[in-house]
Amino acid sequence: LLPSKQGTISISPISPRQSHFGTGIEGQKIASSIGTMDSAYFVGRSEILSWINSTLHLNLSKVEESCSGAIQCQLMDAVHPGMVPMHKVNFDAKSEYEMIQNYKVLQDVLNKLKITKHIEVSKLVKGRPLDNLEFMQWMKWYCDSINGGVLHNYNALERRDACKGGKEASKKSAASQSSAKNSTTGSRSHTSHNSRRHEATSTVNSSSQSGKTSRPSSSCGSPVYDEQITELKLSIDSLEKERDFYFSKLRDIEILCQSHEIQDSKVVSAIKKILYAGEDDASVVADAQAMVSMATQKEAVTRTEGIADKRENLETQKRKVIQNLDIDAVGITTLSPRLRISGVSDVHCSGSHLTSY
């Protein structure tokens, strides 16, 4: 149950069965049917935060604030009521040991539901933004796939009160939400007061300066500004998703290049040179290509030398065989007639069929 040497928790797949918590066979199978290129991993941070805050009545401002694992446990409790032992969940977890206890609870729930999911605990508890974002993207995808993401009469505050530190978390979120409402109300009243004063001033100016074109008020352009702000937020979200996606791919390439089997290769060295190059290094691609071409030339020379050595060895062996045959022939011709006759008589005495004529 503890993290392995790689700092991960791996849940072995078990054949799905009908669950009495409302998921059914389809709900069990879908957990392992999502890939890294699925649209679920392209959901933005703002949408994830909005979903968490609205579902659990919290007020998170960063996705990495969910690194303790308590929020994930309550999300599973929301879609599978009564499945999670909430009294074991610690919303006040600060150390990695306390956070790991929450992930143990989460793993037990996934085991009961027969869900296959690889959880990288060592990265999540360190509060890395990208790792926590990916895991929360999977959590949202899974929760939305159960009963269409509809929660029936789930009281998040009441369920969280049973957890360690749950009441404090609820109080903090309520205080932050009330302060945000007060600030919004104050800004609205201040805006309305300014607009009234502006209207009065514009009335006086229009009466005193008739014939001049009045300047349009700032309130008339607010819908245009709102649209521009919305477009900018959407573009920022899409850019963040694209950045995170390509960063994860580059990180995968870096991990592959650090493998012991290939880390000494010239091609891998050229890839690392490109990965770790600075912004001002414009010749990095040319240098990497030169490294690869030099490595290719050396490999070709080595192959040619190996073929030449093999040919030399074959020629040497042929010469040795020919020399041995010549020596045998010379030895036979230099034998005396007596030795030849004795050799024939030896064959006769042995009763060989070679002499039957």
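Which side chains meet in a salt bridge with a spacing of 3.9 Å, N to O? The pair is Lys126 and Glu96, where a salt bridge means a side-chain nitrogen of Lys or Arg within 4 Å of a carboxyl oxygen of Asp or Glu. This contact links distant parts of the chain, 30 residues apart: Lys126 sits in the loop between helix 5 and helix 6, and Glu96 belongs to helix 4. The model is a predicted one, in which local features need pLDDT of at least 70 and side-chain atom pairs count only at pLDDT 80 or more, while totals for chains, interfaces and linings use all residues. Residues are numbered from 1 along each chain as its sequence is written, and side-chain values use heavy atoms, with hydrogens and water left out.

An overview of the chain comes next. The chain holds 12 helices and two strands, taken as DSSP runs numbered from the N terminus (helices: H or I, at least four residues; strands: E, at least two). Read from the N terminus, the order of elements is β-α-α-α-α-β-α-α-α-α-α-α-α-α. Of the 357 residues, 28% count as buried; buried means under 20% relative accessible area, exposed over 50%, and partly exposed in between (1.4 Å probe, protein chains only). The exposed surface of the chain comes to about 24000 Å², and carbon and sulfur atoms supply 56% of it; such areas come from the Shrake-Rupley method with a 1.4 Å probe, and for residues only the protein chains shown count as cover. Among contacts (heavy atoms within 4.5 Å) with a separation of 6 or more, 65% are between residues 24 or more positions apart.

The interior can be described through its largest nonpolar core, a set of buried Ala, Val, Leu, Ile, Met, Phe, Trp, Tyr and Cys residues joined through side-chain atoms within 4.5 Å. In soluble globular proteins, nonpolar side chains tend to be buried together. Here the core has 51 residues, of which Ile71, Met76, Val89, Met136, Met139 and Tyr142 touch the most other members. Helix 2, helix 3, helix 4 (96-112), helix 5 (121-124) and helix 6 each supply at least two residues of this core. The largest share, eight residues, comes from helix 6.

Helix 2 is worth a closer look. Its 12 residues (45-56) should span 16 Å at 1.5 Å a residue, and the end C-alpha atoms are indeed 16 Å apart; the expected span is 1.5 Å times one less than the number of residues. Arg45, Ile48, Leu49, Trp51, Ile52, Asn53, Thr55 and Leu56 are the buried residues of helix 2, and they pack against helix 3 (70-79), helix 6 (129-145), helix 7 (156-160) and helix 9 (222-257). His57 follows helix 2 with a positive phi, near 55°. Arg45 also takes part in a network of salt bridges with Glu240, Arg243 and Asp244.

Helix 4 has 17 residues and reaches 24 Å from its first C-alpha to its last, close to the 24 Å expected. Its buried residues include Met99, Ile100, Tyr103, Val105, Leu106, Val109 and Leu110, along with the polar Asn102, Lys104 and Gln107. Just after helix 4, Lys114 takes a positive phi of about 60°.

Returning to charged side chains, the count comes to 10 salt bridges. Side chains of opposite charge can pair when their charged atoms come close. In the Lys126 and Glu96 pair, Lys126 is partly exposed at 48% relative accessibility, and Glu96 is partly exposed at 40%. Asp92 forms a salt bridge with Lys94, the closest N and O atoms being 2.6 Å apart; Asp92 is partly exposed at 38%, whereas Lys94 is exposed at 60%. Within helix 6, Lys140 and Asp144 lie four residues apart, about one turn of the helix, and their salt bridge has its closest N and O atoms 2.8 Å apart. Lys140 is buried at 13% relative accessibility, and Asp144 is partly exposed at 31%.

Glu254, found in helix 9, counts as buried because its relative accessibility is 19%. A polar contact of 2.8 Å joins the side chains of Glu254 and Arg251; this term covers a pair of N or O atoms within 3.5 Å, where within protein one must be able to donate a hydrogen and the other to accept it, and residues adjacent in sequence count only if both atoms are side-chain atoms. Leaving aside residues up to four places away in sequence, Glu254 touches Leu275 and Tyr276.
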